[in-house]
Amino acid sequence: MKASKISGAHAIIASCEHHGVTHIFGYPGGANIPILDALYESKVKFVLTRHEQGAAHMADGYARASGKVGVVLVTSGPGALNTISGILTSQMDSIPLVIICGQTITANLGLDAFQEADVSGVTYPIVKHSYLVKNVADIPRIMKEAFYLAGSGRPGVVLIDVPKDISSTLFEPNYLVEPSLPGYVLPSAPSAAELAECAAILASSEKPVLLVGHGALIGNASEYVTKIARDFEIPVVNTLLGKGGFDENEALSLGMLGMHGTAYANMAVLNCDCIVSIGSRFDDRIVGTPKKFCPSAKKIHIDIDESEKNKMVKPDLFILGDASQVLKELIPYLKHKKRDAWLSHIAAWKKDYPLTFDSSGPLTSQAVLEALNRLAPKNIVYTTDVGQHQMWAAQFCKVHAPHSWLTSGGAGTMGYGFPAAIGAQIARPQSTVVAIVGDGGFQMTQAELSTAMLQKLPLKILILDNKYLGMVRQWQDLFYDNRLMGVDLEGNPDFVMLAKAYGVAGFHCNSHENLDAVLKEALSYNQGPCLIHAEVEKEGNVYPMIPAGAGYEAMLLAAPTQKLEKPKGST
């Protein structure tokens, strides 16, 4: 099929339309003007952000909440380079993005032209694939390949660098051109032998644990995780990004494991005799010291990316494949087995080591998040920034369904939470979206209050303001003799007044007495975005905590003097 001549820019937008793109997040500049002009007549909505980092995080939040590929459009040089934090964030967490960058004209490449940067070279280590378009006729093929690569297998970021003369050139596009991706092969179905071996290991296990990672959500495997946990009485722990892969209100859910996981999740991992990782890459925040991780347990690792095999932990069995397909085919091999003693131990740990907080003194972040969890509607979508509030939110905000918890995991990017909430709210307009942020991270992308206001989005921004960069302060307190340096955020603005300056409603809370009333009012507000400024205890620490590089037996329960030596009920 041939079309009449159009510009390369129009072919880019036509390809986006073909792939179901409804929103593009970005910022204009001289090098991407032809693509912006092509958007003028398109049904695709352009969301003008206040910074390119915000655009990347919004597209990320949109992708996580919708399951679609997020799209970013920025200009050359600093415009493209401002997306790097967002690119790393998405690539580390396997989020499908297509980043389209304007570039100086082809003749000026490598001549240090105005706003030129080797964007492909700079981003090469942190993308799944990248293109520098040098022939306008390649655009239909490149766009097809970009969306396929971004969303298939282990998802990731694909960057397309488009010189201005290429986007301006007229040509006759061939949209039926086939992608050309030699060597890019998706995993085949698991073998019967692998499934039988997995089932045999579980059948011999008395104390198994399912470890649900982000890959279980990406692969839409929650249905099968739930069936295996319930039908075969296997407790479930989840990674930070695995929240929502199994309903955290279920009795078999132990919550998050690892550095700031629940005590009972960590005790279960420490004492299990078999751990089945479903789409978790065994990152350092959950493994600690690899040699000490589950030393007496059989380890089964299910992952779609073969490069994760043996990278952190050497499993007894590695099954390469999509989590949903593997679990679906595994279920017929499994046999029911009573594990009353194991479940009794876990119930005792839950009872003896619950998540707690002090409600007799100043307002704490934990109290705010417990109240939010208690008052939140069922359709809530949480996004978080990075730091102490992120860990407390992971502990106290229970997630019932997949794709309802959006946070920066691998990169730990401050400034992520608020713009990601904008993208999530655009993707899911009927959901209640709450951005849980700290006073530090929020101020990195707070200018996106304009974007939220102009888009008339009913999202909620909950700022837990302790006037510290809390997680760094906690480490300085515990491991550097409380020699505090560079963490004091005294001088924060009045966030309610700041919100009002942007035309956003603001609410204030600083006590246990008015907490519920403020949250109820904010959750019911639907005239656009609103901000809740919660002034909380300054020097609270996140517990439990496993010090970096330590084993699970070194878990601190509430203070450095309360070290877990022999967990009650351990076997």
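## Terms and model

A residue counts as buried under 20% relative accessible area, as exposed over 50%, and as partly exposed in between. The structure described here is a predicted model.

## Backbone exceptions in the loops

Most residues other than glycine have a negative phi, and most peptide bonds are trans. Asn-482, which is not a glycine, nevertheless has a positive phi of about 60 degrees, and its place is in the loop between α21 (470-479) and α22 (495-501). With a relative accessible area of 41%, Asn-482 falls between the two cut-offs and is therefore partly exposed.

Lys-456 also has a positive phi, of about 55 degrees, although it is not a glycine, and it lies in the loop between α20 (449-454) and β18 (460-465). Because its relative accessible area is 68%, Lys-456 counts as exposed. A further exception concerns the peptide bond that joins Tyr-543 and Pro-544, which is cis with an omega of about -5 degrees; Pro-544 is found in the segment after β20 (530-535).

## Helix α3 and its contact with α5

Helix α3 covers residues 52-66, and at 1.5 Å a residue its 15 residues should span 21 Å, which agrees with the 21 Å that separates its end C-alpha atoms. The helix is mostly covered, since 14 of its 15 residues are buried, and just after α3 the residue Gly-67 takes a positive phi of about 80 degrees.

Two packed helices are described by the angle between their axes and the distance between the axes. For α3 and helix α5 (residues 84-92), the axes come within 7 Å and cross at roughly 25 degrees, and because this angle is under 35 degrees, α3 is roughly parallel to α5. On the α3 side the contact is made by Gln-53, Ala-56, His-57, Asp-60 and Arg-64, and on the α5 side by Ser-85, Gly-86, Thr-89 and Ser-90. By class, these residues divide into one nonpolar, six polar and two charged.

## The pair α16 and α17

The axes of helix α16 (residues 365-375) and helix α17 (residues 388-396) come within 9 Å and cross at roughly 40 degrees, an angle that makes α16 oblique to α17. The crossing of these two helices is right-handed.

In this contact, Ser-365, Gln-366, Leu-369, Glu-370 and Asn-373 of α16 meet His-389, Trp-392, Ala-393 and Phe-396 of α17. The contact of α16 with α17 has four nonpolar, four polar and one charged residues.

Key: Residues are numbered from 1 along each chain as its sequence is written. This is a predicted model: local features need pLDDT of at least 70, side-chain atom pairs count only at pLDDT 80 or more; totals for chains, interfaces and linings use all residues. Side-chain values use heavy atoms; hydrogens and water are left out. Axes are lines fitted to C-alpha atoms, for helices over the stretch in contact, and angles run from 0 to 180 degrees between N-to-C directions. Helices (H or I, at least four residues) and strands (E, at least two) are DSSP runs, numbered from the N terminus. Angles under 35 degrees count as roughly parallel, over 145 as roughly antiparallel, 65 to 115 as roughly perpendicular and the rest as oblique. A crossing is left-handed if the near helix is turned anticlockwise from the far one by less than a right angle, and right-handed if clockwise. Contact means heavy atoms within 4.5 Å. Ala, Val, Leu, Ile, Met, Phe, Trp, Tyr, Cys and Pro count as nonpolar, Asp, Glu, Lys and Arg as charged, and the others, Gly among them, as polar. The expected span of a helix is 1.5 Å times one less than its number of residues. Buried means under 20% relative accessible area, exposed over 50%, partly exposed in between (1.4 Å probe, protein chains only).
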